[in-house]
Amino acid sequence: MFEDTSSRERITNKAELQEYFTRLFSMPGVSFSEVSFFRVGDRGAGEWTWGGKSLQSGTDFAIRGASLFSLEGESIKAETIHYDPREAYK
């Protein structure tokens, strides 16, 4: 399960998840930096910066975000991401 709280998308299958990331990485100049994750038992968390060019104005943006994970063995069972996307659509 993957949940994007900003877009209110909840994805429960691999095909939809692939479509989500295909859309994300088709945006102009998209990148992730300052990525840091940690694990405690069957939970994990991380922070990251999403960057690229605004879809409306073409100006650069950088948005900080966070991910929360439920883990099962060495696999991610669920991820929920939190961020404010407004800069990407100015």
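The second largest pocket of this predicted model is lined by M1, F2, I11, T12, N13, K14, L17, F21, I76, K77, A78 and E79. About 230 Å³ of space lies within this pocket. Two elements, α1 and β6, each supply at least two residues of its lining, and β6 gives the most, with four residues. By character, the lining of the second largest pocket divides into seven nonpolar, two polar and three charged residues.

The largest pocket encloses about 400 Å³ of space. Its lining comprises 22 residues, and those nearest the centre of the pocket are Y20, F21, L24, F32 and I81. At least two lining residues come from each of β1 (2–4), α1 (14–25), β3 (31–40), β4, β5 (60–72) and β6 (75–83). Here the helix α1 gives the most, with four residues. The lining of the largest pocket consists of 15 nonpolar, three polar and four charged residues.

These pockets belong to a fold with one helix and six strands. Read from the N terminus, the order of the elements is β-β-α-β-β-β-β. Taken along the principal axes, the C-alpha atoms fill a box of roughly 45 × 25 × 20 Å. Among contacts between residues at least 6 apart in sequence, 39% join residues at least 24 apart. The protein has 90 residues, of which 31% count as buried. It exposes about 6000 Å², and carbon and sulfur atoms supply 52% of that area.

Attention may now turn to individual residues, beginning with T49. This threonine is found in strand β4, which spans residues 43–53. Is T49 buried or exposed? T49 has a relative accessible area of 7% and is therefore buried, since the buried class covers values under 20%. Its surroundings can be described through its contacts. Apart from neighbours within four places in sequence, T49 is in contact with S31, F32, S33, E34, A62, I63 and R64. With R64 there is also a polar contact of 3.2 Å between the two side chains.

One of the contact partners of T49 is E34, which lies in strand β3. The phi of E34 is near 50°, a positive value in a residue other than glycine. E34 counts as exposed because its relative accessibility is 54%, and the exposed class begins over 50%.

A positive phi is also found at R8, with a value of about 60° although R8 is not a glycine. R8 is placed in the loop between β1 and β2, the latter covering residues 9–11. With a relative accessible area of 78%, R8 is exposed.

A further loop residue is G73, which lies between β5 and β6. Why does G73 count as partly exposed? The reason is that its relative accessibility is 47%, and the partly exposed class lies between the limits of 20% and 50%. The C-alpha atoms of G73 and D42 are separated by 7.6 Å, with the two residues 31 residues apart along the chain.

Note on methods. Residues numbered from 1 in each chain as written. Predicted model: local features only at pLDDT ≥ 70, side-chain atom pairs only at ≥ 80, totals over all residues. Heavy atoms only, no water. Buried < 20%, exposed > 50% of the residue type's maximum accessible area, 1.4 Å probe, protein only. Polar contact = N/O pair within 3.5 Å; in protein donor to acceptor, adjacent residues only side chain to side chain. Contact = heavy atoms within 4.5 Å. 1 Å grid on protein atoms, 1.4 Å probe; cavity = no way out; pocket = protein on both sides within 12 Å on 5 of 7 lines; lining within 4 Å. Points joined across faces, edges and corners; volume = space filled by probe spheres on them. Nonpolar A, V, L, I, M, F, W, Y, C, P; charged D, E, K, R; others polar. Areas by Shrake-Rupley, 256 points an atom, 1.4 Å probe, with all protein chains shown as cover.
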